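Got the model open in your viewer? Let's walk through it one selection at a time.

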Amino acid sequence: MARPDSKAHQARTSRAFAAIDGSNSTGVALVAVLWIVASLSLLAMSLVSSSRGEVRTVQMARAFAEAAANGDAVIEIAAREIYGAAEPIVRFTRASYLFEGRELIVQVTPAAGFIDINAASEALLRDLFVFGAGLDEERAEVLVQRIIDWRDPDDAALPLGAEDDAYVAAGVTFRTRGGAFEGPEDLLQVLGMSYEVYDKIQLLVTTSSGAAGVDPLAASPAVLRILAGGNDANVDAFVSAREAGEPLLDMTGFTQEHLVSASGAVFHLEALFPLDAGARLARARWVDLSLPGPLGLPWRTLRIEPVRSELTGGVSGS
C-alpha cells in the first residue's frame, strides 16, 4: 500500500487546524461582542431609570413647594374672611378658592372640633386610641393612664400608668412633665407611644381648644368617628345633615359624655392641593383670630404644619 506523502499530509492537517482555530476565534469574538452589547443595554436602562427617578423627585419637590406657597396664600384669604365674618364660625366648613389657575379647597375646623390631649377625659382618650388608632382596649388604657401621669403634677402613678421611675427603668431619656403638652408631638415622649400609633391620631388631636370634650358641629368626619364609637353610618348621617345646613342635628349616635358645645377664636385651616390619581397635598396652619400677628395682621399663626401627602376619600380623611 502506498504511503501518503508526509509533507502534503502535514500541510492538509495544518490547514484543518487553522480553520478550526479561526472558527473558534470568531465564536469567542461574537460572544464578547454580545456581552458588551448586553452590558451597555443594562447600563443604558439603569441610567434611564435613574433619570426618571430624579425627574419624579424634582417634580414632587416642586409640587410640595407649590402646595406650601399656594396653600399659605389661600389660608391667609380664608383667615381674612373668617375674621371679617358677620357671624362666628362654629361649624366644620369647606371653602373653594381659584388660585393660580387651580381650585384649592380650604377646610376650616374650629379648635373645639379636635380632641384636646391636655383636657380630654380618660374615657375620650381611650376611645381615641381604640377607634382612632385601632388599638385593643387594654393597650389603649395603658397609653391613656400614662398620658394622664405625664401631664398631671403629682408623682403617684396610676395602676397602668408611669411616672419618672418607670422611664428611668425603661432606659429612655424622656421624663414626665407634670404639666401641659405643648403640641401633639409631645405624645412621642410618653412611655410606650410608638410612631405608628402617633401617626394615626396626630391629625385628630390638639393642645389649643381647652375643652374636655368635642363639639360635633366643629369636628371633622375622622373625629366624629371617635365620638360615634366607630359607627360610620352615624357619622355619614350626621355629616350629610350638617352639610345640608339643617338647624337641628341628631347627636344621639354619639357618646354623650364626650360632647361639648364650644366656640372660640382658634382655627385649624387646611389647604388641599390636588394631584393626579386621587392623591393630594395638604398644608395647614393653626391661627388665633383674637391675637394680633406680625406685619399688622389682625390674627396670629400659632403653628405651621409641614406639607403632607394623602389619598382622598373615606370617612377617615380630614
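A polar contact here is a pair of N or O atoms within 3.5 Å, where, within protein, one must be able to donate a hydrogen and the other to accept it. Keep that in mind for the first stop. One more thing before you click: this is a predicted model.

**Stop 1: His 268**

Select His 268, which you'll find in strand β5, residues 266-274. Is His 268 buried or exposed? With a relative accessible area of 7%, it counts as buried, because the cut-off for that is under 20%. Now show side chains and add Glu 305: its side chain and that of His 268 make a polar contact at 3.2 Å. To see the rest of the surroundings, leave out residues up to four places away in sequence; His 268 then touches Gln 107, Val 108, Thr 109, Phe 114, Ala 284, Arg 285 and Trp 286, as well as Glu 305.

**Stop 2: Ala 133**

Next, jump to the loop between α2 (122-132) and α3 (137-151), and pick Ala 133. Ala 133 is buried too, at a relative accessible area of 5%. Which residues does Ala 133 touch, not counting those up to four places away in sequence? They are Leu 128, Val 197, Lys 200 and Ile 201. Try a C-alpha to C-alpha distance from Ala 133 to Lys 200: you should get 5.4 Å, though the two sit 67 residues apart in sequence.

**Stop 3: helix α7**

Now select residues 232-243, the 12 residues of α7. At 1.5 Å a residue this helix should span 16 Å, and its end C-alpha atoms are indeed 16 Å apart. Colour Val 235, Phe 238, Val 239, Ala 241 and Arg 242, the buried residues of α7. They cover an arc of only 165° around the axis, so they lie on the same side of the helix. Show α6 (221-227) as well, and you'll see what the buried residues of α7 pack against. Spin round to the face turned away from that buried side, where Ala 233 and Glu 243 are exposed.

Check both ends while you're there. At the start of α7, a side-chain oxygen of Asn 231 comes to within 3.1 Å of the backbone nitrogen of Ala 233. After the helix comes Gly 245, with a positive phi near 80°.

**Last stop: confidence**

Finally, colour by pLDDT. The chain average is 87, and 85% of the residues score at least 70. Over residues 313-318, however, the pLDDT is below 50, and this stretch has 15 contacts in the model beyond near neighbours in sequence.

Notes: Residues numbered from 1 in each chain as written. Heavy atoms only, no water. Helix = DSSP H or I, 4+ residues; strand = E, 2+ residues; numbered from the N terminus. Expected span 1.5 Å × (residues − 1). Buried < 20%, exposed > 50% of the residue type's maximum accessible area, 1.4 Å probe, protein only. Arc of directions from axis to C-beta. Contact = heavy atoms within 4.5 Å. pLDDT = per-residue confidence, 0-100.
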